[in-house]
Amino acid sequence: MQTYHFDEIVSNEGMVTLSGLPPLAKVAVVVIKPEPFDWKKEMNAWRLEMQDHPFAKMSKEEILAKLRQTREEVYEEVYGHRHAN
């Protein structure tokens with residue numbers, strides 16, 4: 001058995017057209033009715049998350065210094081053994 005995945009939207013008439021299937025293929029259809037997406041709610045949640053992020057209270061210079069420090073730490077973890085005696 002081979003599985004094909006299609007991500008299609010049902011038309012206003014309640015129809016979906018699938019192409020690329022082998023002739024006489026048996027098809028099972030699963031319909032997923034997603035919850036309506038609320039952009040305003042998502043953006044407000046994202047904004048609240050960002051307020052709690054440590055970078056939110058730092059200046060640009062402090063953020064860059066922290067990123068450089070992290071880069072150096074990661075480099076040492078990944079490549080530090082190459083420079084050991």
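Q: What does partly exposed mean here, as opposed to buried or exposed?
A: Buried is under 20% relative accessible area, exposed is over 50%, and partly exposed lies in between. This is a predicted model. Val16 has a relative accessible area of 41%, so Val16 counts as partly exposed. Val16 is found in the segment before helix H1 (39-52).

Q: Is Phe6 buried, partly exposed or exposed, and where is its place?
A: Apply the cut-offs again. Phe6 counts as partly exposed because its relative accessibility is 35%. Phe6, too, has its place in the segment before H1.

Q: Which residues make the nonpolar surface patch?
A: Tyr4, Phe6, Val10, Val16, Leu18, Val27, Val29 and Val31 make the patch. The patch covers about 710 Å².

Q: How many residues apart are Phe6 and Leu18 in sequence, and how far apart in space?
A: Sequence and space are read separately. Phe6 and Leu18 are twelve residues apart in sequence. Their C-alpha atoms lie 7.7 Å apart in space.

Q: How much space lies in the largest pocket, and which residues are closest to its centre?
A: The largest pocket holds about 910 Å³ of space. Its lining has 23 residues, and the closest to the centre are Phe6, Leu18, Ala28, Val29 and Val30. By class, the lining has 17 nonpolar, three polar and three charged residues.

Q: What sign does phi have in most residues other than glycine?
A: Most residues other than glycine have a negative phi. Leu24 has a positive phi of about 60°, although it is not a glycine. Leu24 is found in the segment before H1. Leu24 counts as exposed because its relative accessibility is 90%.

Note on methods
Residues are numbered from 1 along each chain as its sequence is written. This is a predicted model: local features need pLDDT of at least 70, side-chain atom pairs count only at pLDDT 80 or more; totals for chains, interfaces and linings use all residues. Side-chain values use heavy atoms; hydrogens and water are left out. On a 1 Å grid over the protein atoms alone, a cavity is a set of points where a 1.4 Å probe fits but cannot get out, and a pocket is an open set with protein on both sides within 12 Å along at least five of seven lines; lining residues have an atom within 4 Å of a point. Grid points are joined across faces, edges and corners, and a volume is the space filled by probe spheres set on the points. Ala, Val, Leu, Ile, Met, Phe, Trp, Tyr, Cys and Pro count as nonpolar, Asp, Glu, Lys and Arg as charged, and the others, Gly among them, as polar. Patches are made of residues with over 30% relative accessible area and no salt bridge: like charges are joined within 9 Å, nonpolar side chains (Val, Leu, Ile, Met, Phe, Trp, Tyr) within 5 Å. Accessible areas come from the Shrake-Rupley method with a 1.4 Å probe; for residues, only the protein chains shown count as cover. A salt bridge is a side-chain nitrogen of Lys or Arg within 4 Å of a carboxyl oxygen of Asp or Glu. Helices (H or I, at least four residues) and strands (E, at least two) are DSSP runs, numbered from the N terminus. Buried means under 20% relative accessible area, exposed over 50%, partly exposed in between (1.4 Å probe, protein chains only).
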